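Thanks for coming, everyone. I will keep this brief. Please bring up the model and follow along.

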Amino acid sequence: HDSRQDTKGVKSAAETVRALISEEIAMGVASSGVFVGGFSQGGALALYTAVTDIRQFAGVLALSTWLPLFREFPAAAKHGCTSPILQCHGLKDPTILPYLGKGSGEILKQFCPRHKLKLYKDAEHDVVEAETEDIISFLQKHSSKL
């Protein structure tokens, strides 16, 4: 347990996102039609929520982020790990340092077979054109299965 991470806050926020997803499912959207994603702290929440969920999603987008509570894995991983995951990170990111993104990618690839980490050499804590193209391709590829 990393004392610098807000374990209770991360888990509470993940439950809030799960409740929102459940509302969509109650309205007739299949979990396999839901994308979960975010940037920076939102990406951390998206990653944690998705890989600890019992449902499989259409996809997970994790941009300029890290896997919070990483020491809980792989034990905390659930069926959500079978969702396709696109993790993107800039190699010049001064906010979420690249080693955090790379380290999270190394952890995720151990138990999430459809995880892909893409690194962008000139990107900082932002989204660059090449990354946008990769995101569009990811969404198109995995939306086609709905």
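**Rings, core and charges**

Start at Phe-73, which is buried, with a relative accessible area of 9%. Before going on, one caution: this is a predicted model.

Which ring stacks with Phe-73? Phe-111 does. The ring centres are 5.4 Å apart and the planes sit at 0 degrees, so this pair counts as stacked. Now look at where the two rings come from. Phe-73 is in the loop between β2 and β3, and Phe-111 is in the loop between α3 and β4, residues 115-120. The pair therefore ties together parts that are 38 residues apart in sequence. Phe-111, like Phe-73, is buried.

The structure holds 3 aromatic pairs. Another of them joins Tyr-48 and Phe-73. This one is edge-to-face, with 6.0 Å centre to centre and 80 degrees between the planes. Tyr-48 sits in helix α2, residues 41-51, whereas Phe-73 belongs to the loop between β2 (59-63) and β3 (85-90). So this pair ties together parts 25 residues apart in sequence. Is Tyr-48 buried or exposed? It counts as buried, because its relative accessibility is 4% and the cut-off for buried is under 20%. Put the pairs together, and Tyr-48, Phe-73 and Phe-111 are linked into a cluster.

Next, the core. In general, nonpolar side chains in soluble globular proteins tend to be buried together. Here the largest nonpolar core has 23 residues. Which of them touch the most other members? They are Leu-47, Val-51, Leu-67, Phe-73, Leu-108, Phe-111 and Cys-112. Note that Phe-73 and Phe-111, from the ring cluster, are on that list. Four elements are worth naming: α1 (7-26), α2, β2 and α3 give two or more residues to this core. The largest share comes from α2, with 5 residues.

Apart from that core lies another, of 8 residues. Among its members are Leu-61, Cys-88, Tyr-120 and Ile-135.

Back to Val-51. What does it contact, leaving aside neighbours within four places in sequence? The list includes Leu-67, Phe-73, Leu-108 and Cys-112. Also on it are Ala-76, Ala-77, Lys-78, Gly-80, Cys-81 and Ile-85.

Now α2 as a whole. This helix is mostly covered, with 8 of its 11 residues buried. Those are Gly-43, Ala-44, Ala-46, Leu-47, Tyr-48, Thr-49, Ala-50 and Val-51. What covers them? The cover includes α1, β1 (35-39), β2, β3 and α3.

On to charges. Side chains of opposite charge can pair when their charged atoms come close. A search of the whole structure finds 7 salt bridges.

Take Arg-18. Its side chain meets that of Glu-15 in a salt bridge, at 2.9 Å from N to O. Both are in helix α1, 3 residues apart, so about one helical turn separates them. Their exposure is worth a look. Glu-15 is partly exposed, at 46% relative accessible area. Arg-18 is buried, at 13%.

Asp-53 also forms a salt bridge with Arg-18, the closest N and O atoms being 3.3 Å apart. This pair links distant parts of the chain: Asp-53 is in the loop between α2 and β2, Arg-18 is in helix α1, and their positions lie 35 residues apart. Asp-53 is buried, with a relative accessible area of 2%. Add Arg-55, and you have a network of salt bridges linking Glu-15, Arg-18, Asp-53 and Arg-55.

Now turn to α3. Lys-109 and Glu-106 form a salt bridge there, with closest N and O atoms 3.4 Å apart. They too are 3 residues apart in their helix, so about one helical turn separates them. Lys-109 is exposed, at 51%. Glu-106 is partly exposed, at 44%.

Last stop: the surface. Which residues form a nonpolar patch there? Leu-97, Tyr-99 and Leu-100 do, with about 290 Å² of accessible area together. Leu-100 lies in helix α3, residues 98-109. Leu-100 is partly exposed, with a relative accessible area of 31%.

That is the tour. Questions, please.

Notes. Residues are numbered from 1 along each chain as its sequence is written. This is a predicted model: local features need pLDDT of at least 70, side-chain atom pairs count only at pLDDT 80 or more; totals for chains, interfaces and linings use all residues. Side-chain values use heavy atoms; hydrogens and water are left out. Patches are made of residues with over 30% relative accessible area and no salt bridge: like charges are joined within 9 Å, nonpolar side chains (Val, Leu, Ile, Met, Phe, Trp, Tyr) within 5 Å. Accessible areas come from the Shrake-Rupley method with a 1.4 Å probe; for residues, only the protein chains shown count as cover. A salt bridge is a side-chain nitrogen of Lys or Arg within 4 Å of a carboxyl oxygen of Asp or Glu. Buried means under 20% relative accessible area, exposed over 50%, partly exposed in between (1.4 Å probe, protein chains only). Rings of Phe, Tyr and Trp (its six-membered ring) pair if their centres lie within 6.5 Å; planes under 30 degrees apart count as stacked, over 60 as edge-to-face and the rest as tilted. A nonpolar core is a set of buried Ala, Val, Leu, Ile, Met, Phe, Trp, Tyr and Cys residues joined through side-chain atoms within 4.5 Å. Contact means heavy atoms within 4.5 Å.
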